[in-house]
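Visitor: I am new to this structure and would like to look closely at a single part. Please describe the largest pocket and the elements around it.

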Amino acid sequence: MLIVLFSFLLSVSITLQVMQIDFERLEQLAGFDIYNSSLRVRKYNRTAVALNGTIHLMVPLNESIMVTSDFFHSRLGNQQFNHYPVKFPTQQVCKFLENFYTDYSEYVDDFENLPAKGECPIKPCKIDILNKPFPAKAVPPFFPSGLWKAQIKLTLNDVEISRFELITKARNDLGI
């Protein structure tokens, strides 16, 4: 009986475990002539952190621009990042946006002025993001907790033209 009770409590605690992910920082490192970003991570209320601001796309993006990504993980959260063997596939910007909409559209539906699905070349626009918390459901449950750094790079003929860096903090919380 004790073994059954223990196994039941263990299964309940495993199924209630939820990944809590918060933005730490979002920074544009290069490509200020392509994008002009005023996105900032800010405290939304006592317990939530949100992304707020605007991205100005100043030039059209076409099929010749490639998008690559790299992910880094700091298990202890001490800014000592190790390259993590997961990434979005390197692909043309229009194909990347199409796949992004297919997989993650439910998390960006409330962004204002996003390019339409299938639009290529992507025309210059102003994208507004207002008080957007990190969508923790978009991250697979097997990702370990700690600090995560994602770098998104745009290249033209193998020359970097823009780079963004996003740092998030992930932790496993009991969803009670």
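Guide: In this predicted model, consider the contacts between residues at least 6 apart in sequence: 62% of them join residues at least 24 apart. The chain that makes these contacts has 176 residues, of which 35% count as buried. It contains 2 helices and 10 strands, and from the N terminus on the order of the elements is α-β-β-β-β-β-β-β-α-β-β-β.

Against that background, the largest pocket holds about 1,500 Å³ of space. It is lined by 48 residues, and those closest to its centre are F88, F96, F100, I152 and L166. The lining is divided into 43 nonpolar residues, 1 polar residue and 4 charged residues.

Several elements share in this lining. At least two residues each come from β1 (17-30), β4 (49-57), β5 (65-74), α2 (93-108), β8 (125-132), β9 (146-156) and β10 (159-174). The element that gives the most is α2, with 8 residues.

That helix merits a closer look. Although α2 has 16 residues, its end C-alpha atoms are only 17 Å apart, whereas a straight helix would reach 22 Å at 1.5 Å a residue. A bend of about 65° is found in α2 at T102.

The buried residues of α2 are V93, C94, F96, L97, Y101, Y107 and V108. F96 thus appears both in this buried group and in the group closest to the centre of the largest pocket. The cover over the buried residues of α2 includes β5, β7 (91-92) and β8. Of these covering strands, β5 and β8 also supply residues to the lining of the largest pocket.

From β8 one may follow the chain onward to A136, which is found in the loop between β8 and β9. Is A136 buried or exposed? It counts as partly exposed, because its relative accessibility is 24% and the term buried is kept for values under 20%.

Setting aside neighbours within four places in sequence, A136 is in contact with M19 and I21. Both of those partners fall within the range of β1 (17-30), another contributor to the lining of the largest pocket. A136 and M19 are 117 residues apart in sequence, yet their C-alpha atoms are 6.5 Å apart in space. The pair may be set beside the figure given at the outset, in which 62% of the contacts between residues at least 6 apart join residues at least 24 apart.

Methods. Residues numbered from 1 in each chain as written. Predicted model: local features only at pLDDT ≥ 70, side-chain atom pairs only at ≥ 80, totals over all residues. Heavy atoms only, no water. 1 Å grid on protein atoms, 1.4 Å probe; cavity = no way out; pocket = protein on both sides within 12 Å on 5 of 7 lines; lining within 4 Å. Points joined across faces, edges and corners; volume = space filled by probe spheres on them. Helix = DSSP H or I, 4+ residues; strand = E, 2+ residues; numbered from the N terminus. Nonpolar A, V, L, I, M, F, W, Y, C, P; charged D, E, K, R; others polar. Expected span 1.5 Å × (residues − 1). Bend = angle between axes of the 7 residues up to and from the residue. Buried < 20%, exposed > 50% of the residue type's maximum accessible area, 1.4 Å probe, protein only. Contact = heavy atoms within 4.5 Å.
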